[in-house]
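Good morning, and thank you for making time for this presentation. I will go through one structure that may be new to many of you, and I ask that you keep it in view while I speak.

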Amino acid sequence: MSLVNASSDPPLVLEVRGLTKRFGGLTAVDNVSFGLAEGSILGLIGPNGAGKTTLFNMLSGVYRPQKGRVTFRGEDITGLPPADICARGIGRTFQITKPFGSLSVVDNVMVGAFLRTNSVRQAREESWAVCRTVGLEARGKLAAKNLTIADRKRLELARALATRPRLLLLDEVMAGLNPSEIEEIMALLKRINALGITLLIIEHVMAAVMRLSHTIVVTANGRKIAEGPPERIARDEAVIQAYLGEEYQFAPGAGH
């Protein structure tokens, strides 16, 4: 049964208000605000250096913003440590996957499961269940260092899912994958979202992010330059000039 609120106006699970982060004289994120509806998928796009990963790092507690506020399910979580934010229900993946190579796939996933339980038996059972969800059950006993790039991406997802998140921050989960692997990951993300898990996705694979997302937020030079449904973003002149390029055409049937 889906946990997604079926009303036409679901509550905001995440509110970002005026987030700003500077590194010396560089403003990496400049007064960015947006909201994320419960059960939805939001795509965060923009050119390299636009501040997307810095924004993720503030949402997940890696960085503390100089200004602004992050509210998750009605609670101000601004500047909390990563472990506390994860415990509240925000999981994340990273651009570069770094599994514990000598450990098995299941043991890697158990690291995430231990956030919610001290029982080795329960953590192992939950890890196998998550492996089934992401399509890694057959490789559960394999050492993580022997996985393909696509399966490492699945393992990264599995470790985050094992923390039982309400919101998943996905940082370029499709990077380095071939077209068929991208289709498989897209289908997996749709299944995860159907379970009631809200998704916030950084992605450069435009065909994928446009098809997956309910809403797109575009950043450039650290500032938000556009926000809206995929169809409108794909035709936004400021977005085309800053990122998409004139050759980009919004595919018929893309988005929801």
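**Two sheets, two cores and the salt bridges**

Let me begin with one pair of residues: aspartate 171 has isoleucine 202, in strand 8, as its bridge partner. Please bear in mind throughout that this is a predicted model. The pair belongs to a wider arrangement, in which strand 7 and strand 8 run parallel and are joined by five bridges. Strands of a sheet can pair in a parallel or an antiparallel way, through backbone hydrogen bonds.

Strands 7 and 8 sit in an open sheet of six strands, whose order is 6-7-8-3-9-10 and whose pairing is mixed. At its edges are strand 6, residues 90-92, and strand 10, residues 223-228, each of which pairs on one side only. From one strand to the next, the twist averages 20°.

I turn to the other sheet. Here four strands form an open sheet with antiparallel pairing, in the order 2-1-4-5. Strand 2 and strand 5, the latter covering residues 75-76, are the edge strands, and each pairs on one side only. Within this sheet, eight bridges connect strand 1, residues 12-23, with strand 2 in the antiparallel sense. As one example of facing residues, lysine 21 stands opposite valine 29 in strand 2.

Which strands does helix 1 lie across? They are strand 1, strand 2 and strand 4, and helix 1 runs at about 115° to strand 1. Helix 1 spans residues 52-59, and seven of its eight residues are buried, so this helix is largely enclosed by the rest of the structure. The buried residues are Lys52, Thr54, Leu55, Phe56, Asn57, Met58 and Leu59.

Just beyond the helix there are two residues to point out. Serine 60 lies in the loop between helix 1 and strand 4, which covers residues 67-72. Is serine 60 buried or exposed? Its relative accessibility is 6%, so serine 60 counts as buried, the cut-off for buried being under 20%. Apart from residues up to four places away in sequence, serine 60 touches Pro82, Ile85, Arg92 and Leu169. Glycine 61, which follows helix 1, has a positive phi, near 95°.

Next, the interior. In soluble globular proteins, nonpolar side chains tend to be buried together. In this model, the largest nonpolar core has 36 residues, and the members that touch the most others are Leu157, Leu168, Met174, Leu189, Ile192 and Leu199. Which elements give two or more residues to this core? They are helix 3 (105-113), helix 4 (120-134), helix 5 (149-161), strand 7 (167-171), helix 6 (179-194), strand 8 (198-202) and helix 7 (206-212). A separate, second core holds 24 residues, among them Val32, Leu36, Leu42 and Val217.

Leucine 189 gives a closer view of the largest core. With neighbours within four places in sequence left aside, leucine 189 is in contact with Leu157, Leu170, Val173, Met174, Leu199, Ile201 and Leu212.

My last topic is charge. Side chains of opposite charge can pair when their charged atoms come close. How many salt bridges does a search of the whole structure find? The search finds 15.

I will take three pairs in turn. Aspartate 30 and arginine 223 meet through their side chains in a salt bridge, at 2.9 Å from N to O. This pair links distant parts of the chain, since aspartate 30 is in strand 2, residues 26-37, and arginine 223 is in strand 10, 193 residues apart. Aspartate 30 counts as partly exposed, at 25% relative accessibility, and arginine 223 also counts as partly exposed, at 41%.

In the second pair, arginine 211 forms a salt bridge with glutamate 183, and the closest N and O atoms are 2.8 Å apart. Arginine 211 belongs to helix 7 and glutamate 183 to helix 6, and the two are 28 residues apart. Arginine 211 is partly exposed, with a relative accessible area of 31%, while glutamate 183 counts as partly exposed at 39%.

The third pair is glutamate 15 with arginine 17, whose closest N and O atoms are 3.5 Å apart. Glutamate 15 has a relative accessible area of 30% and is partly exposed; arginine 17, at 36%, is partly exposed.

Finally, a network of salt bridges links Arg139, Asp151, Arg154 and Glu184. Thank you for your attention.

Technical notes:
Residues are numbered from 1 along each chain as its sequence is written. This is a predicted model: local features need pLDDT of at least 70, side-chain atom pairs count only at pLDDT 80 or more; totals for chains, interfaces and linings use all residues. Side-chain values use heavy atoms; hydrogens and water are left out. A nonpolar core is a set of buried Ala, Val, Leu, Ile, Met, Phe, Trp, Tyr and Cys residues joined through side-chain atoms within 4.5 Å. Buried means under 20% relative accessible area, exposed over 50%, partly exposed in between (1.4 Å probe, protein chains only). Contact means heavy atoms within 4.5 Å. Two strands pair if DSSP finds at least two bridges between them. Axes are lines fitted to C-alpha atoms, for helices over the stretch in contact, and angles run from 0 to 180 degrees between N-to-C directions. A salt bridge is a side-chain nitrogen of Lys or Arg within 4 Å of a carboxyl oxygen of Asp or Glu.
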